[in-house]
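Here's a quick briefing to read with the model open in your viewer. Grab a coffee and let's walk through the strands, the rings and a few residues worth clicking on.

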Amino acid sequence: MKIRGQEEDFNDRWSLSGKGSWQVLPSPKIGLVVAEGRFVRLMIKDGQSRFAKTDDDELNGRSPAPRPETTSTSPTTYTWDISVKKGKMGLELYYVVGDPDHRWTATFTHEQ
C-alpha cells in the first residue's frame, strides 16, 4: 500500500510504503485535524518513498514513477493520525488532506 502525506504534505505528491506500527489513540487529537470518531496513529519507519507523475496518479490507481532526483520532501519515516468511524458498510478509515482552508478526506478502501 502506498499512502500519501497528511494535511498539506499531501500536496507534495510523494507516497510512502513499508513496514510500520499502529496504535489506537485514547482520545481524539485536538488541533488542525478535522475528523470524528476514534483515531489510529500509523507510523512507517525506513519506508520507500515515491513521487506521483501527476497529482492524481495514485488516487486513480496508477503506479507512480520515482523521480530521478533526491529531495528532502520525500520522507522515509512518517506518522499519520487516521480517523476511524462506523459507516454504512462497516468501519471507515480516513485522514484529512490539503490546505487548512480547503480540506478534504482521503478514504481507505478495500478492493476485492
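Start at Arg4, which stands opposite Ser15 in β2. That match belongs to the pairing of β1 with β2, which run antiparallel over 2 bridges. Keep in mind that you're looking at a predicted model, not an experimental one. Arg4 will come up again below, together with a ring.

**Pairing around β2**

- β2 has another partner too: strand β5 (residues 48-51) pairs with β2 in the antiparallel sense, over 4 bridges.
- If you want a spot to look at there, go to Ser17, whose bridge partner in β5 is Gln48.

**The five-stranded sheet**

- Five strands make up an open sheet, and reading across you get β3-β4-β6-β7-β8, with antiparallel pairing.
- At the edges sit β3 (20-24) and β8 (104-107), each of them pairing on one side only.
- Neighbouring strands in this sheet are turned against each other by 35 degrees on average, if you ignore direction.
- Inside the sheet, β6 (residues 78-87) and β7 (residues 90-97) are antiparallel partners joined over 5 bridges.
- For one position along that pairing, take Lys85: Glu92 in β7 is its bridge partner.

**Aromatic pairs**

- How many aromatic pairs does the count give? It comes to 4.
- One of them is Phe10 with Trp104, an edge-to-face pair at 5.2 Å centre to centre and with 85 degrees between the planes.
- This pair links distant parts of the chain, since Phe10 is in the loop between β1 (3-4) and β2 (14-17) while Trp104 is in strand β8, 94 residues apart.
- Are these two rings' residues buried or exposed? Phe10 has a relative accessible area of 5%, so it counts as buried, whereas Trp104, at 40%, counts as partly exposed because that value lies between the 20% and 50% cut-offs.
- Trp14 and Tyr78 also go edge-to-face, with 4.9 Å from centre to centre and 70 degrees between the planes.
- Trp14 lies in strand β2 and Tyr78 in strand β6, so this pair ties together parts of the chain that are 64 residues apart in sequence.
- Trp14 is buried at 1% relative accessible area, and Tyr78 is buried as well, at 13%.
- Add Trp80 to Trp14 and Tyr78, and you have one aromatic cluster.

**Back to Arg4 and Phe10**

- Which ring does the charged end of Arg4 sit over? It's the ring of Phe10, with 4.0 Å to the ring centre.
- So Phe10, which is buried, has an edge-to-face ring partner in Trp104 and the charged end of Arg4 over its ring.

**Around Trp104**

- Trp104 has its place in strand β8, which is one of the edge strands of the sheet.
- Glu7 and Trp104 are 97 residues apart along the chain, and their C-alpha atoms are separated by 9.1 Å.

**Around Leu42**

- Leu42 is in strand β4 (residues 38-44).
- With a relative accessible area of 18%, Leu42 is buried, because the cut-off for that is under 20%.
- Leaving out residues up to four places away in sequence, Leu42 touches Ile3, Ser21, Trp22, Tyr78, Thr79, Trp80 and Ile82.
- Two of those names, Tyr78 and Trp80, are members of the aromatic cluster described above.
- Thr79 is 37 residues from Leu42 in sequence, yet their C-alpha atoms are 5.6 Å apart in space.

**The chain as a whole**

- What does the chain contain by way of helices and strands? There are 0 helices and 8 strands, and from the N terminus on the elements run β-β-β-β-β-β-β-β.
- Of the chain's 112 residues, 30% count as buried.
- Looking at contacts between residues at least 6 apart in sequence, 61% join residues at least 24 apart.
- The chain exposes about 7700 Å², and carbon and sulfur atoms supply 51% of that area.

Definitions and conventions:
Residues are numbered from 1 along each chain as its sequence is written. This is a predicted model: local features need pLDDT of at least 70, side-chain atom pairs count only at pLDDT 80 or more; totals for chains, interfaces and linings use all residues. Side-chain values use heavy atoms; hydrogens and water are left out. Two strands pair if DSSP finds at least two bridges between them. Axes are lines fitted to C-alpha atoms, for helices over the stretch in contact, and angles run from 0 to 180 degrees between N-to-C directions. Rings of Phe, Tyr and Trp (its six-membered ring) pair if their centres lie within 6.5 Å; planes under 30 degrees apart count as stacked, over 60 as edge-to-face and the rest as tilted. Buried means under 20% relative accessible area, exposed over 50%, partly exposed in between (1.4 Å probe, protein chains only). A charge sits over a ring if NZ of Lys or CZ of Arg is within 6 Å of the ring centre and within 35 degrees of the ring normal. Contact means heavy atoms within 4.5 Å. Accessible areas come from the Shrake-Rupley method with a 1.4 Å probe; for residues, only the protein chains shown count as cover.
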